[in-house]
2 protein chains.
Amino acid sequence: MFMTMIADTGAGAETGTRPRIRAAARSLIAERGFEAVSMRDIARRVGVRPSAIYNHFESKQALLADLMVAHMERTLAALDRALPCDAAPRARLAAFARFHVGYHLDEPEDVFVAYMELRSLDAANRAVLGRMRDRYERVLCRILQEGIAADAFAPADPRIEARALIAMMTGVTVWFQEDGRIDRAEVVEHYVKIVLRSVGAAAPGEET
Amino acid sequence: MFMTMIADTGAGAETGTRPRIRAAARSLIAERGFEAVSMRDIARRVGVRPSAIYNHFESKQALLADLMVAHMERTLAALDRALPCDAAPRARLAAFARFHVGYHLDEPEDVFVAYMELRSLDAANRAVLGRMRDRYERVLCRILQEGIAADAFAPADPRIEARALIAMMTGVTVWFQEDGRIDRAEVVEHYVKIVLRSVGAAAPGEET
DNA sequence: CCGCAAGGTGAATGACCGTTCACAAATATG
DNA sequence: CATATTTGTGAACGGTCATTCACCTTGCGG
């Protein structure tokens, strides 16, 4: 009967054609953009004929949506794990910044695709992704509001500040390169400091 | 003889086929992305046949490069005009932020194209644009260094901070919409405040 | 009024696109 | 071992792409 039902999602799975299609599509789209990548390009990288892809994904559009939705699900789950839920606002904000920057440094391809290719999604998929993105943003927004309530910091408008901070931290993927002379951890802590300062939470004492 | 030689650059020029091609290409590429826009699309919007475009631009690639280079030249010139050269670092930083956010709100299409389509340029054009982008970034970096020297503020690493701030401010184009309930000037001043705070220059007193 | 250049046209070129389909190999299931 | 399902193949489909080219139109300098 029909009993496969393997999830095989996650950037780690290596065996099997389906994950290899995902990996090839991810890196090609990150490099060139969705519209500039053809199914033939993806198939060539996997070592398979273009028609074989259609055994695993309904269409090019469905493949993109699969990548983006899976990435956002993983991101939201990882954020949930990374946030200490009973800590003070300042520590929670630091944890958010540490997570966001670190995650974006670890998964640059997925992040880039999710960031750049919203407009290549059809209306239905774009709506789904938009909702997930809002959920992510709202987590930060709530931390800022808690911080205001607790007098820990004072951003003027939490929603604007949340968007500004996310844009700032996401931008790290544009210029950071592993082999550079700057250490990864150093970069992360740097962004954490900028974030804390920008909301008026000064730098004293411990963090996390 | 050959005596046309009109520059006709700038987002304002409306008459003539060449500027209308530029305008059509700009808005279509901003909306859909370079690879997703065809010469036929552009020609249709201008009200002309595709082959006519080649009387004005050598290729699709050259058209994109024209748009991006012209935009960056205008941007650099406008920045130069907007920066008070003999002011204190704090006022200069505020002016930079005010300029960057304001300019990005005023020219969202050009900004979006310049930001997203670097990868659609061929190697030579990408190098040209990269240099112009570096020039822009270096202006901010120098302001930060001057501020450090004058003890006006204390970003840890000026280069990282400059990139972070530019990414943050550029992100305003992603979410801001004119008809929204938030005032344009309000948004600008908000970003200025975040920028000043993030470098450790507190909020007291006057700003330029 | 002639000639010529600049700008626009329509058709054609070869290449590539996403996708389909009939079929073959492989793999698991009874 | 037989059979059904999954997975991959090769060839084709209609369509679109950027670009070229011979030609027509227009308006201006002489």
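**Entry 1: the contacts of Arg197(B)**

I began with Arg197(B) and looked up what it touches: leaving aside its neighbours within four places in sequence, Arg197(B) is in contact with Ala154(A), Pro155(A), Ala156(A), Arg197(A), Ser198(A), Val199(A) and Gly200(A). I noted at this point that I am working with a predicted model. Arg197(B) itself lies in helix α10 of chain B, which covers residues 184–198.

I then asked myself which side chain of opposite charge is nearest to Arg197(B). I found Glu161(A), at 4.7 Å, and I wrote down that Arg197(B) is buried yet has no salt bridge. A salt bridge needs the nitrogen and the carboxyl oxygen to be within 4 Å, so I kept that cut-off in mind for the next entries.

**Entry 2: chain A as a whole**

Next I stepped back to look at chain A, whose secondary structure comes to 10 helices and zero strands. Read along the sequence, I get the pattern α-α-α-α-α-α-α-α-α-α for this chain. Chain A has 208 residues, and buried residues make up 48% of them.

I also looked up how the contacts of chain A are spread along the sequence, and found that residues 24 or more positions apart account for 68% of the contacts with a separation of 6 or more. For the accessible surface of chain A I noted about 10400 Å², of which 52% belongs to carbon and sulfur atoms.

**Entry 3: salt bridges**

I reminded myself that side chains of opposite charge can pair when their charged atoms come close. Over all chains, I read off 21 salt bridges in the structure.

One of them joins the side chains of Glu189(A) and Arg98(A), with 2.6 Å from N to O. Glu189(A) lies in helix α10 of chain A and Arg98(A) in helix α5 (residues 89–106) of chain A, so this pair ties together parts that are 91 residues apart in sequence. I checked the accessibility of both partners: Glu189(A) counts as partly exposed because its relative accessibility is 35%, and Arg98(A) is partly exposed too, with a relative accessible area of 22%.

In chain B I looked at Arg44(B) and Asp41(B), whose side chains meet in a salt bridge at 3.5 Å, N to O. How many residues apart are these two in helix α2 of chain B? They are three residues apart in that helix (residues 39–46), which means that about one helical turn separates them. Arg44(B) counts as exposed because its relative accessibility is 59%, whereas Asp41(B), at 16%, counts as buried.

I then turned to Arg74(B), which forms a salt bridge with Asp110(B), the closest N and O atoms being 3.3 Å apart. Arg74(B) lies in helix α4 (residues 60–82) of chain B and Asp110(B) in helix α6 (residues 108–116) of chain B, so the pair ties together parts that are 36 residues apart in sequence. Is Asp110(B) buried or exposed? I found that Asp110(B) counts as buried, because its relative accessibility is 3%.

Back in chain A, I noted a network of salt bridges that links Glu31(A), Arg32(A), Asp41(A) and Arg44(A).

**Entry 4: Arg45(A)**

I moved on to Arg45(A), which is found in helix α2 (residues 39–46) of chain A. Arg45(A) counts as partly exposed because its relative accessibility is 46%. Not counting residues up to four places away in sequence, Arg45(A) touches Ala24(A), Ser27(A), Leu28(A) and Glu31(A). For Leu28(A) I also looked up the separation from Arg45(A): the two are 17 residues apart in sequence and 9.0 Å apart in space, C-alpha to C-alpha.

**Entry 5: Pro158(B)**

Pro158(B) lies in helix α8 of chain B, which covers residues 158–170. I recorded Pro158(B) as buried because its relative accessibility is 15%. Leaving aside its neighbours within four places in sequence, Pro158(B) is in contact with Cys141(B), Leu144(B), Gln145(B) and Ile148(B). I also looked up Leu140(B), which is 18 residues from Pro158(B) in sequence and 8.7 Å from it in space, C-alpha to C-alpha.

**Entry 6: a charged patch**

Last, I looked for charge on the surface, and asked which residues form a negative patch. I found Glu178(A), Asp179(A), Asp183(A) and Glu186(A). Asp179(A) lies in the loop between α9 (172–175) and α10 (184–198) of chain A, and Asp179(A) counts as exposed because its relative accessibility is 69%.

Conventions: Residues numbered from 1 in each chain as written. Chains lettered and ligands numbered in written order. Predicted model: local features only at pLDDT ≥ 70, side-chain atom pairs only at ≥ 80, totals over all residues. Heavy atoms only, no water. Patch = residues over 30% accessible without salt bridge, like charges linked within 9 Å, V, L, I, M, F, W, Y side chains within 5 Å. Areas by Shrake-Rupley, 256 points an atom, 1.4 Å probe, with all protein chains shown as cover. Lys, Arg positive; Asp, Glu negative; His and termini not counted. Charge placed at Lys NZ, Arg CZ, Asp CG, Glu CD. Helix = DSSP H or I, 4+ residues; strand = E, 2+ residues; numbered from the N terminus. Buried < 20%, exposed > 50% of the residue type's maximum accessible area, 1.4 Å probe, protein only. Contact = heavy atoms within 4.5 Å.
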